[in-house]
Amino acid sequence: MNGENTFDVPDEALRSALEFAVGIAAAGAKLRPPLPFPVELKRFLRFHKLPPAALAQVRAAVEGDPEFRRRLASVATAELMDEIGVLWLSRPGGWPQSIAQLMPQTVVDNDAALRREERRRLAAQEAAARARAEVLGLVAELDRERATKAALSAERDRLRGESDDLRKRLRHAQRTEHATAQSLSRVEAELIEVRRKVLVQTEPTVPAPPPVDAAAVRLLIDDAMAASTDIVRLLAEALDGITPVDEGPAPSRPARQARVRRKAIRLPGGVLTDTTEGAEFLLRVKGVVILIDGYNVAKLGWPTLDLEQQREQCILTIENMAKRWNIGMTIVFDGASVEGAHSATRRKVRIAYSPAGVSADDVLRAEVGTTDVGRNVVVVTNDRAIISDVVAAGANTISSDTLLSLLRR
């Protein structure tokens with residue numbers, strides 16, 4: 001008895017528990033699906049009263065299936081069998097000693113045995129009915145699970161179809177964007193040529209201007225993508241004043257006025273240059289043009305990320321600041337050929353990339369040079385060469401370190 005017994009219980013003393021086990025097995029075998037029970041009990045299922053020779057075999061089958069015995073113990077009561085049978089099935093602490101104490105008091109009573117047998121039969125039927133109800137509940141739950149699985153499978157197929165459609169649309173949009181950029185590049189080349197002709201015809205005594213910087217060209221293309229009407233306006237301004245070749249020389253023009261220089265923003269008294277207070281004052285000046293050296297800030301602020309992650313984190317953080325302060329900013333990055341890089345205009349931030357063979361430094365210089373001198377310009381960078389050039393053009397500067405301090409406040 002699993003090493004617990006200190007008293008060998010005779011098989012006959014366990015008759016009530018063993019016949020109860022056979023009754024439960026017989027009732028469970030009639031269910032669909034049938035309840036599990038030891039296969040050794042099958043040949044005894046038609047017995048209402050076990051012969052003495054069968055007691056040992058039934059006892060061995062029950063003791064060999066602990067799970068079946070525990071199921072019997074869960075419904076075993078003194079109403080269904082004698083106290084020795086209850087103790088043998090449930091096996092509480094010290095059960096062998098308890099049985100040993102009860103053995104001398106055991107008296108065979110045929111009428112009582114018949115009544116117990118009837119109670120065992122009824123209890124077996126009730127236990128079988130409860131088990132059947134549980135099985136039916138499990139079957140219903142299984143059906144619900146199958147229906148849910150089918151619904152999830154259908155939803156998965158639908159989402160997969162939508163995902164494939166979105167991928168196709170994205171590829172089409174990328175092809176369209178590429179074609180548009182090429183078209184804008186051709187238009188910009190024509191615009192540059194028109195401007196060159198305008199300068200040659202309207203200033204015959206002045207040497208031809210140097211070639212247009214490629215960075216400035218690319219920035220004009222970005223502007224055209226953000227608002228196509230700008231190109232029409234620029235073309236109209238460039239064409240204005242052109243004299244046809246067959247109409248003779250252009251009329252004389254008044255003496256050229258001295259070139260107006262941009263004036264840097266003056267900080268209030270007591271506010272030091274390149275402090276967070278000074279930087280915030282400059283960035284909040286009404287109408288100021290703010291240009292940011294993108295990778296200079298990104299690599300300093302997020303050195304543990306890869307290049308693409310640095311760029312995305314930099315754009316996101318600056319965009320959040322621009323929304324909070326209600327100011328516009330332009331971020332310039334190197335290399336429009338970098339995967340995932342394309343010029344775009346967001347709610348408060350314009351993102352530009354330098355064309356092939358041109359650095360972001362030159363794009364920043366060109367932006368300062370082509371901005372109306374009547375507008376204030378602030379350039380964010382740690383690059384000393386850029387700082388020197390833009391300060392000479394009348395722009396204010398803020399270090400990348402100071403901008404990062406403002407972003408993290």
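This is a guided tour of a predicted model, with a suggestion at each stop of what to select and what to look for there.

**The whole chain**

Begin with the protein chain in full, coloured by secondary structure, where 14 helices and 6 strands can be picked out. Of its 409 residues, 36% are buried, and the chain exposes about 24,700 Å², of which carbon and sulfur atoms supply 55%. If you turn on contacts and keep those with a sequence separation of 6 or more, 66% of them join residues that are 24 or more positions apart.

**Helix α1**

Select residues 15-29 next, which form helix α1, a run of 15 residues that reaches 21 Å from its first C-alpha to its last, close to the 21 Å expected at 1.5 Å a residue. The helix is mostly covered, since 13 of its 15 residues are buried.

Within α1, pick Ser 16, which counts as buried because its relative accessibility is 5%, under the 20% cut-off. Leaving aside residues up to four places away in sequence, Ser 16 touches Met 81, Asp 82, Gly 85 and Arg 120.

Then move along α1 to Glu 19, which is also a buried residue, with a relative accessible area of 9%. With the same sequence neighbours left out, Glu 19 touches His 48, Lys 49, Leu 50 and Arg 120. Keep Arg 120 displayed at this point, for it appears among the contacts of Ser 16 and again among those of Glu 19.

**The cis bond and its partner in α6**

Leave α1 and select Arg 32 and Pro 33, where the peptide bond from the one to the other is cis, with omega near 0 degrees. Most peptide bonds are trans. Pro 33 sits in the loop between α1 and α2, the latter covering residues 52-63.

With Pro 33 still shown, add Val 135, a residue of helix α6, which runs over residues 110-202. Is Val 135 buried or exposed? Its relative accessible area is 18%, so Val 135 falls under the 20% limit and counts as buried. Apart from residues up to four places away in sequence, Val 135 touches Pro 33 and Leu 35. A distance drawn between the C-alpha atoms of Val 135 and Leu 35 should read 9.0 Å, although these two residues are 100 residues apart along the chain.

**Two residues with positive phi**

Most residues other than glycine have a negative phi. The next two selections depart from that pattern, and they are worth viewing one after the other.

Select Arg 91 in the loop between α4 (83-90) and α5 (95-102), and read its phi, which is positive at about 55 degrees although the residue is not a glycine. Arg 91 is buried, with a relative accessible area of 12%.

Then go to Asp 274, in the loop between α8 (229-239) and α9 (276-283), where phi is again positive, at about 60 degrees, in a residue that is not a glycine. Asp 274 has a relative accessibility of 37%, and therefore counts as partly exposed.

**A perpendicular pair: α10 and α11**

Show helix α10 (residues 294-301) together with helix α11 (residues 307-325), whose axes come within 9 Å and cross at roughly 105 degrees. The two helices are therefore roughly perpendicular. To see the contact itself, display the side chains of Gly 294, Tyr 295, Val 297, Ala 298 and Lys 299 from α10, and of Leu 307, Gln 310, Arg 311 and Cys 314 from α11. Sorted by class, this contact comprises 5 nonpolar, 2 polar and 2 charged residues.

**A parallel pair: α12 and α13**

For the last stop, select helix α12 (residues 360-370) and helix α13 (residues 384-392), which pack at an angle of about 10 degrees with their axes 10 Å apart. That angle makes α12 roughly parallel to α13. On the α12 side the contact is made by Asp 361, Leu 364, Arg 365 and Val 368, and on the α13 side by Ala 385, Ile 386, Asp 389 and Val 390. In an α-helix, residues three or four places apart point the same way, because there are 3.6 residues a turn. By class, the contact of α12 with α13 divides into 5 nonpolar, no polar and 3 charged residues.

Key. Residues are numbered from 1 along each chain as its sequence is written. This is a predicted model: local features need pLDDT of at least 70, side-chain atom pairs count only at pLDDT 80 or more; totals for chains, interfaces and linings use all residues. Side-chain values use heavy atoms; hydrogens and water are left out. Helices (H or I, at least four residues) and strands (E, at least two) are DSSP runs, numbered from the N terminus. The expected span of a helix is 1.5 Å times one less than its number of residues. Buried means under 20% relative accessible area, exposed over 50%, partly exposed in between (1.4 Å probe, protein chains only). Axes are lines fitted to C-alpha atoms, for helices over the stretch in contact, and angles run from 0 to 180 degrees between N-to-C directions. Angles under 35 degrees count as roughly parallel, over 145 as roughly antiparallel, 65 to 115 as roughly perpendicular and the rest as oblique. Contact means heavy atoms within 4.5 Å. Ala, Val, Leu, Ile, Met, Phe, Trp, Tyr, Cys and Pro count as nonpolar, Asp, Glu, Lys and Arg as charged, and the others, Gly among them, as polar. Accessible areas come from the Shrake-Rupley method with a 1.4 Å probe; for residues, only the protein chains shown count as cover.
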